[in-house]
Amino acid sequence: MSDDLNSAAYWDAAYDEDRDGWDMGTPTPVFVDILTRCGMDFSAFGDRDYASLGRPPRVLIPCSGRGYDALYFATRGWDVTAVDFAEHPLRWLREESEQAGVEIEILQEDMFTLGRTHHESFDLLVEYTCICAIDPDRRVEFVRFCREVLRPGGTVLALLFPVDGRPGGPPFSIDVEDFKAQMAPQFTLLHESTPETSVKPRLGRERLLLWRKQ
Ligand SMILES: C[S@@+](CC[C@H](N)C(=O)[O-])C[C@H]1O[C@@H](n2cnc3c(N)ncnc32)[C@H](O)[C@@H]1O
């Protein structure tokens, strides 16, 4: 087994060996709550009404894993791209989306390559259990990746987890203030809150943030 968490082999081994305790088997309740309450109108967060674009808004879900959120956004009318470099979860997502008759662009790639192939392509990027899965030294690279793939004015919707200062990882704890400082030169913070709709074991250990690309 690879011990390099920057490799697909590391994550595929975790899925193959059922060491995928992060996988909730359902869409993220915080996102379900937002889409149920707001639909595509994110003006409550100081963002835009995506329904007024005149086309399905384009959302990128990096580190999608099995892609329950990708399926959920797609069924709510969003034009979804899911990216993960592991083969195992994407096989599941391909089968599931086919069975459900839901169209999703599924990319088995290192997300950091999308800055070249999908430059300024997306209206929204949805981050969940992605930052905590990458080497903390790569967070600056993650911010650059967000800037590269989002169109000007595009939004990052991040549900940062875990934010409890736990040692080691993955999942690596995210210092919210440090991460905000990393985003600040490129992105304007629109919203920040601690959601009440987190799954029970993560309640109080998640932070919801929205940024707009400057
Ligand atoms: C902790 S899992 C979370 C998966 C999913 N977000 C969920 O909540 O079920 C992290 C995922 O990130 C993927 N991943 C890690 N680094 C990646 C990279 N550089 N490019 C693409 N996928 C990556 C792994 O393959 C794994 O599926």
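**View 1. Glu-120 lies in the loop between helix 5 (114-117) and strand 4.** In this predicted model, the phi of Glu-120 is near 45°, which is a positive value in a residue other than glycine. Most residues other than glycine have a negative phi. Glu-120 counts as partly exposed, because 13 other C-beta atoms lie within 10 Å, and a residue is called partly exposed when that number falls between the limit of 12 or fewer for exposed and 20 or more for buried.

**View 2. Thr-129 lies in the loop between strand 4 and helix 6.** The phi of Thr-129 is near 45°, again a positive value in a residue other than glycine. Is Thr-129 buried or exposed? Thr-129 is buried, because 21 other C-beta atoms lie within 10 Å, and the limit for a buried residue is 20 or more.

**View 3. Strand 4 (residues 122-128) is mostly covered, and has pairing partners in strand 1 and strand 5.** Seven of the seven residues of strand 4 are buried. Strand 1 (residues 58-62) pairs with strand 4 in the parallel sense over two bridges, and Leu-60 has Leu-125 of strand 4 as its bridge partner. The pairing of strand 4 with strand 5 (residues 150-160) is also in the parallel sense, here over six bridges, and in it Val-126 has Leu-157 of strand 5 as its bridge partner. Together with helix 6 (residues 139-149), strand 4 and strand 5 make a right-handed β-α-β unit.

**View 4. Glu-148 is placed in helix 6.** With 16 other C-beta atoms within 10 Å, Glu-148 is partly exposed. Although Glu-148 and Phe-112 are 36 residues apart in sequence, their C-alpha atoms are 9.6 Å apart in space.

**View 5. Helix 4 (residues 87-100) joins strand 2 and strand 3 in a right-handed β-α-β unit.** Strand 2 (residues 79-84) and strand 3 (residues 105-108) pair in the parallel sense over four bridges, and Val-83 stands opposite Leu-107 in strand 3. At 1.5 Å a residue, the 14 residues of helix 4 should span 20 Å, and this agrees with its end C-alpha atoms, which are 20 Å apart. Which residues of helix 4 are buried? They are Pro-89, Leu-90, Leu-93 and Ser-97. Seen down the axis of helix 4, the buried residues fall within an arc of 95°, so they line one face of the helix. The face of helix 4 turned away from this buried side carries the exposed residues Glu-95, Glu-98 and Gln-99.

**View 6. The loop between strand 5 and helix 7 (176-183) holds Pro-162 and Pro-170, each preceded by a cis peptide bond.** The peptide bond from Phe-161 to Pro-162 is cis, with omega near -10°, and the bond from Gly-169 to Pro-170 is cis as well, with omega near 0°. Most peptide bonds are trans.

**View 7. Asp-175 also lies in the loop between strand 5 and helix 7.** Asp-175 counts as partly exposed, because it has 15 C-beta neighbours inside 10 Å. From C-alpha to C-alpha, Asp-175 and Asp-164 are 8.2 Å apart in space, and in sequence they are eleven residues apart.

**View 8. Strand 7 (residues 207-213) pairs in the antiparallel sense with strand 5 and with strand 6.** Six of the seven residues of strand 7 are buried, so this strand is largely enclosed by the rest of the structure. Strand 5 and strand 7 pair over six bridges, with Leu-159 standing opposite Leu-208 in strand 7. Strand 6 (residues 187-193) and strand 7 likewise pair over six bridges, and there Leu-189 has Trp-211 of strand 7 as its bridge partner.

**View 9. The shell around the ligand is made up of 19 residues.** Which of these residues come nearest to the ligand? They are Trp-11, Cys-63, Gly-65, Ala-86 and Ala-133. By class, the shell has 13 nonpolar residues, together with three polar and three charged residues.

Definitions and conventions:
Residues are numbered from 1 along each chain as its sequence is written. This is a predicted model: local features need pLDDT of at least 70, side-chain atom pairs count only at pLDDT 80 or more; totals for chains, interfaces and linings use all residues. A residue is near a molecule or strand if its C-beta atom, placed from the backbone, lies within 6 Å of it. Ala, Val, Leu, Ile, Met, Phe, Trp, Tyr, Cys and Pro count as nonpolar, Asp, Glu, Lys and Arg as charged, and the others, Gly among them, as polar. Two strands pair if DSSP finds at least two bridges between them. A crossover is right-handed if, with the strands pointing away from the viewer, the path from the first strand over the helix to the second runs clockwise. The expected span of a helix is 1.5 Å times one less than its number of residues. The arc is that of the directions from the helix axis to the C-beta atoms.
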